[in-house]
Amino acid sequence: MKMVLLSILKILGVIVGIIVLYGLMAYFLPFIEISEKDDGEKKEIPIYIYTNGVHTDIVMPVKNDMQDWSTKIPFANTKSKKTDYNYIGVGWGDKGFYLDTPTWADLKFSTAFKAAFWLGESAMHCTYYKSMKEADDCKIIMISRSQYKDLAKFVEDKFDKDQNGNFILIPTNAVYSDNDAFYDAQGKYSFLYTCNTWSNNALKAAGQKAAFWTPTDSGIFQHYK
């Protein structure tokens, strides 16, 4: 009996140690800034980082001479089917969170457990906007054409694609509004690689300021005050 209790205490100690270590990493590592890379080109393309308070999206022009996102993420896949949007926000995350947890009140232990430990599937959440306005939850970043090319490739590479190279729409009524849609994605969400970790890495891919590592939106936004 004593050996069993010791084993249980050791296991609990390891679990508590992991939680404490994760908390320390999540607090301190975001303060380490990855500096912006100056490629010498004119910064002429606006992108935005936008958060809903938990989840961060990368927002880009719907169309320019380098990329037309509406051909890959059709307007027709949104409820509104409007075609006068000027920006598109893209975020990556756990499919269970996106589709089954519209509010924190709907969060189930099974959904959180699967998401935290690489057990769920992932999805891309794509939202169209007519305009963007800078605020505490939305920051504009001007980047070069080369940086935008790198960013677009990073974003595209996270989408699952069919045999013809098309993004795969997730048929669902669990959209958040009339201007968004979900698509299948590559990779597994976990407590080490969250939706905000992905957005932070997208900024790194574009040569922009970013946290060394962060699981939270605040870890990103503290570098854009």
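**Burial, strand pairing and a nonpolar patch in a predicted model**

Of the 225 residues in the chain, 43% are buried. The model is predicted. Its accessible surface comes to about 12200 Å². Carbon and sulfur atoms account for 60% of that area.

The secondary structure amounts to 6 helices and 8 strands. Their order along the sequence is α-β-β-β-β-α-α-β-β-α-β-α-β-α. Contacts were also sorted by sequence separation. Among those between residues at least 6 apart, 76% join residues at least 24 apart.

Strand E5 spans residues 122-129. The strand is mostly covered, with 8 of its 8 residues buried. Cover is found on both faces. One side carries Ser122, Met124, Cys126 and Tyr128, all buried. The other side carries Ala123, His125, Thr127 and Tyr129, which are likewise all buried.

E5 is paired with strand E4, which comprises residues 87-94. The two strands run antiparallel and are joined by 8 bridges. Within this pairing, Cys126 in E5 has Val90 opposite. E5 also pairs with strand E7, residues 180-184. Here 5 bridges join the strands, again in antiparallel orientation. Ala123 stands opposite Asp184 in E7. Two residues of E5 thus appear both in the pairing and in the burial pattern: Cys126 belongs to one covered side, and Ala123 belongs to the other.

A loop residue was examined next. His55 is located between strand E2 (45-51) and strand E3 (56-61). Its relative accessibility is 11%, so His55 counts as buried, the limit being under 20%. The side chain of His55 forms a polar contact with the side chain of Tyr98, at 2.9 Å. Neighbours within four places in sequence aside, His55 is in contact with Tyr50, Gly91, Trp92, Tyr98, Cys195 and Asn196. Tyr98 therefore figures in the contact list of His55 as well as in its polar contact, because contact means heavy atoms within 4.5 Å. Gly91 and Trp92, also on that list, fall in the residue range 87-94 of strand E4.

The N-terminal region presents a contrasting environment. Helix H1 covers residues 2-28 and includes Leu9. Leu9 counts as exposed because its relative accessibility is 56%, and the exposed class begins over 50%. Leu9 is also one of the residues in a nonpolar surface patch. Met1, Met3, Leu5, Leu6, Ile8 and Leu12 make up the patch together with Leu9. The area of this patch is about 770 Å².

Conventions: Residues numbered from 1 in each chain as written. Predicted model: local features only at pLDDT ≥ 70, side-chain atom pairs only at ≥ 80, totals over all residues. Heavy atoms only, no water. Patch = residues over 30% accessible without salt bridge, like charges linked within 9 Å, V, L, I, M, F, W, Y side chains within 5 Å. Areas by Shrake-Rupley, 256 points an atom, 1.4 Å probe, with all protein chains shown as cover. Salt bridge = Lys/Arg side-chain N within 4 Å of Asp/Glu carboxyl O. Helix = DSSP H or I, 4+ residues; strand = E, 2+ residues; numbered from the N terminus. Buried < 20%, exposed > 50% of the residue type's maximum accessible area, 1.4 Å probe, protein only. Polar contact = N/O pair within 3.5 Å; in protein donor to acceptor, adjacent residues only side chain to side chain. Pairing = 2+ DSSP bridges.
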